[in-house]
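These are my notes on what I looked up in the structure shown below.

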Number of protein chains: 2
Amino acid sequence: MARKTGSHADITGPLVRQAAIKLIARHGFAAVTMRQIAAEVGIQAGALYLYTPDKQTLLFDLMFEHLEDLNNAILTEPVLKTPVERLEAFCKFHIRYHLKRPASVFVANMELRNLEPDNFVLIEEKRHQYEACLASILEAGQMAKDFKIPDCKLATMAIIAMLTGVNTWYQEGGRLSQERVERIYWNMVRRAVGA
Amino acid sequence: MARKTGSHADITGPLVRQAAIKLIARHGFAAVTMRQIAAEVGIQAGALYLYTPDKQTLLFDLMFEHLEDLNNAILTEPVLKTPVERLEAFCKFHIRYHLKRPASVFVANMELRNLEPDNFVLIEEKRHQYEACLASILEAGQMAKDFKIPDCKLATMAIIAMLTGVNTWYQEGGRLSQERVERIYWNMVRRAVGA
DNA sequence: CTTTGAATTGAACAATTGTTCAGATAGGCA
DNA sequence: TGCCTATCTGAACAATTGTTCAATTCAAAG
C-alpha cells in the first residue's frame, strides 16, 4: 500500500542511482559491479534488485532521467526575443547545466554503446530533442539574417561538441570562474555563427 | 634469434591490435574479453599472451600508438607561413586524420579511465603534446594580431572538441563529402578566432 | 503487546573472467 | 632427413560476475 509520506524505498532508490552514476562515471558501466554499487549505498547486492530489475535497466534509467531533466530544464528557460539572445542563453545554460552534474553527463555521453538496441533508440530520441532546440535557434537566426551559417546541422553539432567539451577540462577553483568561461565560449560561438 | 624477414608474429601482432581496437571501440574495454579478441583474430585466448603481457598493457599500447602516430603525422605536415594558413591546415588535417581511424580515436578518447595511473600519465603527456601544436598556432596568430581570441587555452580546447566531434556523426556517403565538412568547419573556426 | 508488510541479509547458482602452462604442431635450417 | 624454435592449443585455475531467494529484521499500525 503506497504511503503518502516518503517510504524508505523513496529515499534509497535515489541513493542507488546516485551511487551508480558516480561509480559508472569513474570506472565505466561494464567495470562497475552490482556489489560495488551496493557497497557505496551501504547495502548488500541483493537489495539492489528492490530498486531495479537488472543492471541494464539501471543504466537506461540513469541516462533517460538525465536527458529528461535536461530537456525539461531547457524548456522552462525563459524564451528571449531575438535569435542572438536565445543563442547566448542556450550556450550559457548548456555550460552551466552540464558543469553542475558532470558525472551524469559523462555517463550519458560515454555509455551509449552499453545500451541494448531498444534502449539506445529511446535515448537517441531524447538526445535529438535537445539538439533540435539549438538547431531551431540557428535556423531562426539564419532566416532573419542575424547569422551567417554555412550549414545549420553542422553548426548544431559543432556548438554542442564545443560546449560539452568544457566538462573535460574545467575545474572549480581553477584559473577562470564559470561565468567567465560562459562568456568566453559565447564569444567564440557568436563569432562562429557570424553574429 | 630475430629474423630480418617478417616472422609470423610480426603479422599476427598487428592483427591482434587491430582486432582489439575494433572490439574495444564497439563494446568498451571492460566489456571485451580476451577470448573475444582471440576469436576475432582466429586464435585461442592463450596465444594472445605471446603478443601482450596482459590486457591492461594491450590497452595502453593501443592508445599510445594512436597518439604517437597522430603526433608524428602532425609534425610531418608542411609548415605554412601565416598563422591563418597554419590553422586552416591544422583543422583540415585533424578532421581528415580522425575520420580515417574512428575506432582508434574512440578508444583513445573513451578509455582513459581504464588506464592504470602510471599509464594514464604517459597518455596524457602525448595528448598535451598534440594540443600544444594547436595552442602555438593560436598564440602566434594572437601575437601577430591575425586572431582576436579572448583566451588561447580555452580556444584550443574548444576547437579540438569541435573538430573531434565530427567523428560522432559523420558517415561516409552521407549528405556531405569529407572535403565539404572540412571547409565548413574551417569556416566556423576561422570566424570563432576572429580571422 | 501482536500483526503485517516492506526492507534487507547472506548464502547460493551457473557462467564467465584473465591468466598460466604442459603439450601438440609446424615450418624453415642443418 | 631430422632438429629446433616459434607458434599455438586446450584444459585448467581461482576469482568474480549478475541474479535469485528463503530466512530475517525492523518499523509502524492495530
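I first looked up which residues of α9(A) face α7(B): Val181(A), Ile184(A), Tyr185(A) and Met188(A) meet Leu154(B), Ala155(B) and Ala158(B) (contact: C-beta atoms, placed from the backbone, within 7 Å). I sorted the residues of this contact and found seven nonpolar, no polar and no charged (Ala, Val, Leu, Ile, Met, Phe, Trp, Tyr, Cys and Pro count as nonpolar, Asp, Glu, Lys and Arg as charged, the others, Gly among them, as polar).

I note that the model is predicted; local features need pLDDT of at least 70, side-chain atom pairs count only at pLDDT 80 or more, and totals for chains, interfaces and linings use all residues. Residues are numbered from 1 along each chain as its sequence is written, and chains are lettered from A and ligands numbered from 1 in the order in which they are written.

I then looked up the geometry of the pair. Helix α9 (residues 178-192) of chain A packs against helix α7 (residues 152-164) of chain B at an angle of about 60°, and their axes are 11 Å apart. The two helices are therefore oblique to each other (neither under 35 degrees, nor over 145, nor 65 to 115).

Next I compared the copies. A turn of 180° with a shift of 0.0 Å along the axis lays chain A on chain B with an RMSD of 0.0 Å (least squares on C-alpha atoms of residues with pLDDT of at least 70 in both). That is the relation of a two-fold axis. The same surface serves both copies, as 100% of the contact residues of chain A recur in chain B.

Last, I checked confidence (pLDDT, from 0 to 100 for each residue). Chain A has a mean pLDDT of 95, and 96% of its residues reach 70 or more. Over residues 1-5 of chain A pLDDT stays under 50, and the model has zero contacts for them beyond four places in sequence.

Note on methods. Contact = placed C-beta atoms within 7 Å. pLDDT = per-residue confidence, 0-100. Axes fitted to C-alpha atoms, helices over the stretch in contact; angles between N-to-C directions. Helix = DSSP H or I, 4+ residues; strand = E, 2+ residues; numbered from the N terminus.
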